[in-house]
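Hi everyone, thanks for making time this morning. I'd like to walk you through one helix and its neighbours, so please have a look at the model first.

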Amino acid sequence: MERGLIKKMKNKSHKSHQGHIARQRFGQNFLKDPHIIDSIVSAIHPIPGEAMVEIGSGLGVLTKPVADRIDHMTVIELDRDLAARLAEHPTLKEKLTIYQQDAMNFDFSLLAEGAGQPLRVFGNLPYNISTPLMFHLFNYTKIIRDMHFMLQKEVVNRLVAGPHNKAYGRLTVMAQYYCQIIPIVEVPPEAFTPAPKVDSAVVRLVPHQQLPNPVSDTRILRQITTQAFNQRRKIIRNSLGKLFTAEQLTELDIDPNVRAENLSVAQYCRLANWLSDQPK
């Protein structure tokens, strides 16, 4: 790959570091607290030779300290002006391959193939796309070593929640199906410019090398969890009534009179495997 060049980019911008204005449509909040930045970089622990990928580099506050520790990294940045600023940065441009592109549509397998190793992905994710972006990345867990993300604290609470908890939902089940999830550090609003109206937190997601509860078709697992949690106030004999009878749920050792939040990840996987085994 050519370093310091922006892939799929038509125009460059010459805005200065201080001149960039956060864009609401991109959900931009720029991290500024040096102690938080140091904690995040230490948690990521980049090592030369690893395939580091940053999503949403922003003003480069994580890009630079990570790049200082390694020889090369990949950046995916949707904002054309910020991508151009990185491409023109005097010390970073030789270390970066920059894709001015939407990470939601990015094929991460191409990066892993080019690097010949699993990816290490990190970023301060815009709150408005963090959940769908994680679902996109779950498609690539076989070629990802770990992920470190700054997220809304509420989202981190959902990621680590257990059954019988209001925070437990579809994201919980799918994230824990694919990954081990480890909270790293909480981040207050004043650590950002502009300050968001919510607390944030950094989380580490490590894809399971061996899935604890493998399913034969993850599309069915997604279907079941979507249907269950879209009607989470209903008992599952009703919310999943089009997929399972009460008798079938009981045979699978699942109480048909509990709600979606009361089933474990393993139980959802059991339902998915049973459904995928049925004649089409």
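**Helix H7 and its surroundings**

Let's start with what lies over this helix. The buried residues of H7 are covered by elements that include the helices H5 (130-138), H6 (153-160), H8 (218-230) and H11 (265-276), along with strands E8 (179-187) and E10 (200-207). Do keep in mind that this is a predicted model.

How many residues of H7 are buried? Of the 9 residues in this helix, which spans 170-178, 7 are buried, so H7 is largely enclosed by the rest of the structure. The buried ones are Leu-171, Thr-172, Val-173, Met-174, Ala-175, Tyr-177 and Tyr-178.

Now to two of the helix neighbours, beginning with H5. The axes of H5 and H7 are 11 Å apart, and the two helices pack at an angle of about 30°. Because angles under 35 degrees count as roughly parallel, H5 is roughly parallel to H7. The crossing of H5 past H7 is left-handed. On the H5 side we find Thr-131, Met-134, Phe-135 and Phe-138, and they meet Arg-170, Leu-171, Met-174, Ala-175 and Tyr-178 of H7. By class, that contact has 7 nonpolar residues, 1 polar and 1 charged.

And what about H11? Here the packing angle with H7 is about 85°, with the axes 10 Å apart, which makes H7 roughly perpendicular to H11. From H7, Val-173, Gln-176 and Tyr-177 meet Val-265, Tyr-268 and Cys-269 in H11. This contact divides into 5 nonpolar residues, 1 polar and no charged.

That's my tour, and I'm happy to take questions.

How values were computed:
Residues numbered from 1 in each chain as written. Predicted model: local features only at pLDDT ≥ 70, side-chain atom pairs only at ≥ 80, totals over all residues. Heavy atoms only, no water. Buried < 20%, exposed > 50% of the residue type's maximum accessible area, 1.4 Å probe, protein only. Helix = DSSP H or I, 4+ residues; strand = E, 2+ residues; numbered from the N terminus. Contact = heavy atoms within 4.5 Å. Axes fitted to C-alpha atoms, helices over the stretch in contact; angles between N-to-C directions. Parallel < 35°, antiparallel > 145°, perpendicular 65-115°, else oblique. Left-handed = near helix turned anticlockwise from the far one by under 90°. Nonpolar A, V, L, I, M, F, W, Y, C, P; charged D, E, K, R; others polar.
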